[in-house]
Amino acid sequence: MGNNLDIYIMVLKNLKKTSKSYLFLILFAFSLSGFSQDSTSVKKKSEFWKKVQIGGGLGLNVGGGFTDITIAPSAIYNVNDYLSLGVGLQGSYVSVKNNYNSFIYGGSLIGLVNPIPQIQLSVELEQLKVNTSFESFFQIPSRHFWNTGLFLGVGYRSNNVTIGARYNVLYRENDNVYSNAFMPFIRVFF
């Protein structure tokens, strides 16, 4: 850094001898040297991404006038062998022909604990916006509401796949998001 300062001072003293374009090129070249990356910052960045896993779910259920399409990507960061933290997104379209249409979207915060490699405990806080429109002859008004779910789960884990069940402790029957508080799941992260 001291060498760059000496060069700047020397250039400024000889300003009358140097044209403005040469001065600009010299200052530009020295300023670039201050922005170069060292290998340790690149190494730290790659270490972070080595601990990130991507997963999620896709769902398609079509038939008999019923359509249910779901996309739910998620990502976790493995803090260590026992703890992972992450986020998820969810978007769903549900339709029953001549009855109703529903758009559901939102996100979640995920915590996974592995007390032993084969057992995975999970906590997931989910916030969903629900927009449901009924056909006019039912004379039921459209419903638009937020639904909060807090899922506690346990599963058997083998490599990147976990099979288990989760329970929504904030389940309310009249919110029409899930038909039951208890849900089986298959969770996969790559």
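Accessible areas are computed by the Shrake-Rupley method with a 1.4 Å probe.

**Figure 1. Overall surface and fold of the predicted model.** The accessible surface of the protein amounts to about 13100 Å², and carbon and sulfur atoms contribute 64% of it. The protein contains 3 helices and 8 strands, which follow the order α-α-α-β-β-β-β-β-β-β-β from the N terminus. Of its 190 residues, 26% are classed as buried. Among contacts with a separation of 6 or more, 43% link residues 24 or more positions apart.

**Figure 2. Close-up of the largest nonpolar core.** This core consists of 8 residues: Ile 104, Leu 128, Val 130, Phe 145, Phe 151, Val 177, Tyr 178 and Met 183. At least two of the core residues come from strand 5 (119–134), and at least two from strand 6 (143–158).

**Figure 3. Close-up of the surroundings of Met 183.** With residues up to four places away in sequence left out, Met 183 touches Phe 151, Gly 164, Ala 165, Arg 166 and Tyr 178. Met 183, Phe 151 and Tyr 178 are also members of the largest nonpolar core.

**Figure 4. Close-up of a nonpolar surface patch.** Val 123, Leu 152, Tyr 167, Val 169, Leu 170 and Phe 182 form this patch of about 540 Å². One of these residues, Leu 152, lies in strand 6. Leu 152 has a relative accessible area of 43% and is therefore partly exposed, a value over the 30% that patch residues must exceed.

Terms used
Residues numbered from 1 in each chain as written. Predicted model: local features only at pLDDT ≥ 70, side-chain atom pairs only at ≥ 80, totals over all residues. Heavy atoms only, no water. Helix = DSSP H or I, 4+ residues; strand = E, 2+ residues; numbered from the N terminus. Buried < 20%, exposed > 50% of the residue type's maximum accessible area, 1.4 Å probe, protein only. Contact = heavy atoms within 4.5 Å. Core = buried A, V, L, I, M, F, W, Y, C linked by side-chain atoms within 4.5 Å. Patch = residues over 30% accessible without salt bridge, like charges linked within 9 Å, V, L, I, M, F, W, Y side chains within 5 Å. Salt bridge = Lys/Arg side-chain N within 4 Å of Asp/Glu carboxyl O.
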